[in-house]
Amino acid sequence: MKMWSGRFRQPLDPRFEEWQRSFPFDQRLLPFELAASRAHANALEHAGVLSSKELSEIVRSLGEIGRRAETEPEFLNDPEAEDVHHFVEKQLAAVVGQTGYKLHTGRSRNEQIATDLRLFVRQSIDSTQNLIADWMEAIIARADSAGSAAMPAYTHLQPAEPVLVAHWLLAYVEMFLRDASRLADCRKRANLGPLGSGAVAGATLTLDRAAMAAELGFGGPTANSIDATSDRDFAIEFVDALSLLSLHLSRWAEEMILFSTPAYGFIELPEAYSTGSSAMPQKKNPDLLELVRGKAARVMGFAVTLQTLLKGLPLAYNKDLQETQEPLFEASDTIIGMLPLVTGFMNGVEFNPAGMKQAAQSGFMNAWAAAAYLVERGVPSRLAHDAVGKAVQLATERGCDLQKLPLADLQAIHASFDAGFHSCLGLDEVLALHDVPGGTSPRHVKRALQNARERVAALRPQETLAAR
Ligand code: ARG
């Protein structure tokens with residue numbers, strides 16, 4: 001039986017009927033729909049609508065529906081079910097007869113879908129947080145084992161200053177920790193229960209909304225029935241956070257691609273995550289990294305889709321909202337599918353510390369340290385900059401490093417150059433010079449590593465609905 005056909009005299013155009021169904025994609029919400037239905041059934045019994053016998057019949061059947069869905073793939077093959085809500089009602093009626101039709105008393109699919117989607121987002125956030133923690137732990141392990149290895153840091157993609165490899169890796173940890181923090185923030189607002197909001201004006205029975213929310217692990221009930229049935233901010237916020245996460249993954253992927261090219265030679269691609277060319281036998285291509293870069297476009301697209309869907313939508317529920325489901329699911333699936341792969345890649349990638357070190361010692365990346373040396377001797381910064389610039393010019397003409405310039409030539413540029421100059425230009429000295437919190441000196445990077453470890457450990461989320 002349809003959920004709404006009473007007032008209709010004509011059947012639907014079968015093509016329209018098929019076209020407007022959401023069951024093909026919203027069936028994945030079944031576990032949430034069953035949990036929410038159980039909470040509603042308990043509230044109905046409390047309100048005197050269901051007897052305790054009817055309640056236990058309904059609760060038992062809801063459990064049975066969940067079990068069959070897990071064990072019999074055919075069970076979900078129901079071409080008549082309009083959506084997941086209809087499917088559960090049909091199955092319930094098939095098992096417990098007319099009592100099954102009592103479950104919908106005082107409720108609307110508008111509050112049900114809002115509830116199911118909030119539960120979906122909450123669970124996806126918890127899974128994503130766990131995967132981000134794994135990913136961060138892989139990066140931190142690499143940073144830890146990189147020890148005192150150094151590499152060039154670039155600005156404008158031109159060699160700028162040497163940094164510890166660990167410092168470079170920890171830059172990514174900061175990005176992804178921000179993503180985790182955005183997800184945690186989004187979770188707070190997603191974790192409110194719409195049940196009892198009815199179609200738009202509130203339930204037609206005095207249901208215990210706080211109890212229904214608590215049963216589903218929500219922080220509390222939503223405050224306004226009009227908003228609760230039409231709000232999808234939680235989905236937008238979640239996919240926005242994922243789009244930024246995918247953007248960060250694509251920046252990481254791009255650097256790894258660059259650093260794997262022979263021109264840089266800083267990393268060796270792990271074979272388990274690379275592919276060959278059907279034409280050129282020598283090729284090992286960074287396909288995982290390229291697809292990570294490419295998938296970011298999808299996730300960002302889903303974020304825009306969701307915003308566009310809600311833009312200009314009048315209150316309260318409109319069927320347009322059904323279109324929020326697929327972008328939400330696909331954004332979540334894309335990220336949840338990708339994070340374990342980048343983690344595997346990170347565990348398998350080989351660094352080339354010798355090549356990185358050599359690059360860190362060339363390209364005049366100690367020039368700023370050279371200027372700092374003059375500043376320490378009382379030379380105003382701008383003049384020190386100018387003097388070292390002239391020294392760089394001279395060294396370039398001679399095809400040598402700053403360290404190789406004779407003192408006499410340096411003193412001809414500026415009288416403050418003295419015998420201690422050459423010894424301040426070594427890689428270790430330059431690294432140690434950046435001795436501020438957040439800088440690349442070894443002692444501050446060591447502290448930063450410890451701090452990152454602690455923040456990542458704190459990411460592991462609380463139990464999820466599925467785990468309860
Ligand atoms: N499948 C619908 C959706 O995803 C469920 C809500 C239907 N509500 C309604 N009033 N037709 O939005």
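Student: Which residues lie nearest the centre of the largest cavity?

Tutor: Ala360, Gln361, Asn366, Gln403 and Leu425 lie nearest its centre. They belong to a lining of 14 residues. Keep in mind that this is a predicted model.

Student: What makes that space a cavity and not a pocket?

Tutor: The probe fits inside but cannot get out, which means the space counts as a cavity. A pocket, by contrast, is an open set of points. The largest cavity holds about 100 Å³ of space. The structure has two cavities of 30 Å³ or more.

Student: Why use a probe at all?

Tutor: Because a probe the size of a water molecule, rolled over the atoms, shows where empty space is left.

Student: What is the lining of the largest cavity like by class?

Tutor: Eight residues are nonpolar, five are polar and one is charged.

Student: And what lines the second largest cavity?

Tutor: Met3, His85, Glu89, Gly100, Leu103, His104, Arg107 and Gln112 do. The volume there is about 30 Å³. By class, two of the lining residues are nonpolar, four are polar and two are charged. Glu89 and Arg107 are in this lining, and both count as charged because Glu and Arg are in the charged class.

Student: How much volume does the largest pocket have?

Tutor: About 490 Å³. Its lining has 23 residues, and Ala153, Tyr154, Trp168, Tyr172 and Glu255 lie nearest its centre. Strands E1 (150-155) and E2 (158-164) each give two or more residues, as do helices H7 (165-190) and H10 (233-260).

Student: Which element gives the most to that lining?

Tutor: H7, with six residues. By class, the pocket lining has 14 nonpolar, three polar and six charged residues.

Student: How do you know how far to trust the model?

Tutor: Look at the pLDDT. Its mean over the protein chain is 95, and 98% of residues reach 70 or more. Residues 464-468 are below 50. That stretch still has 11 contacts in the model beyond near neighbours in sequence.

Student: How do you know that the span of helix H3 agrees with its number of residues?

Tutor: Set the two values side by side. H3 runs over residues 30-46, 17 residues in total. At 1.5 Å a residue, the expected span is 24 Å. The end C-alpha atoms are 24 Å apart, so the span agrees.

Student: Why is H3 called mostly covered?

Tutor: Of its 17 residues, 12 are buried. Among them are Leu30, Phe32, Glu33, Leu34 and His40. The cover includes helices H2 (23-26), H4 (52-71), H5 (84-96), H6 (109-146) and H8 (209-215). After H3 comes Gly48, with a positive phi near 85°.

Student: Is Met1 buried or exposed, and why?

Tutor: Its relative accessibility is 68%. The cut-off for exposed is over 50%, so Met1 counts as exposed. Met1 sits in the segment before helix H1 (14-19). Setting aside residues up to four places away in sequence, Met1 touches His86 and Tyr101. Its C-alpha atom is 9.5 Å from that of Ala81, 80 residues along the chain.

Student: Is Pro194 buried or exposed, and why?

Tutor: The value is 0%. Buried means under 20%, so Pro194 counts as buried. Pro194 lies in the loop between H7 and H8. Its contacts, not counting residues up to four places away in sequence, include Glu111, Arg118, Arg209 and Phe218. The C-alpha atoms of Pro194 and Gly220 are separated by 9.1 Å, with their positions 26 residues apart along the chain.

Student: What makes Phe364 partly exposed?

Tutor: Its relative accessible area is 23%. That falls between the 20% and 50% cut-offs, so Phe364 is partly exposed. Phe364 is in the loop between helix H13 (353-360) and helix H14 (367-376). Its phi is positive, near 60°, though the residue is not glycine.

Student: Where does Leu157 lie?

Tutor: In the loop between E1 and E2. Phi there is about 60°, again positive in a residue that is not a glycine. Leu157 has a relative accessible area of 52%. That is over 50%, so Leu157 is exposed.

Student: What is omega for the peptide bond from Leu315 to Ala316?

Tutor: Omega is near -5°, and the bond is cis. Ala316 lies in the loop between helix H11 (287-310) and helix H12 (325-348).

Key: Residues are numbered from 1 along each chain as its sequence is written. This is a predicted model: local features need pLDDT of at least 70, side-chain atom pairs count only at pLDDT 80 or more; totals for chains, interfaces and linings use all residues. Side-chain values use heavy atoms; hydrogens and water are left out. pLDDT is the predictor's confidence in each residue, from 0 to 100. Contact means heavy atoms within 4.5 Å. Helices (H or I, at least four residues) and strands (E, at least two) are DSSP runs, numbered from the N terminus. The expected span of a helix is 1.5 Å times one less than its number of residues. Buried means under 20% relative accessible area, exposed over 50%, partly exposed in between (1.4 Å probe, protein chains only). On a 1 Å grid over the protein atoms alone, a cavity is a set of points where a 1.4 Å probe fits but cannot get out, and a pocket is an open set with protein on both sides within 12 Å along at least five of seven lines; lining residues have an atom within 4 Å of a point. Grid points are joined across faces, edges and corners, and a volume is the space filled by probe spheres set on the points.
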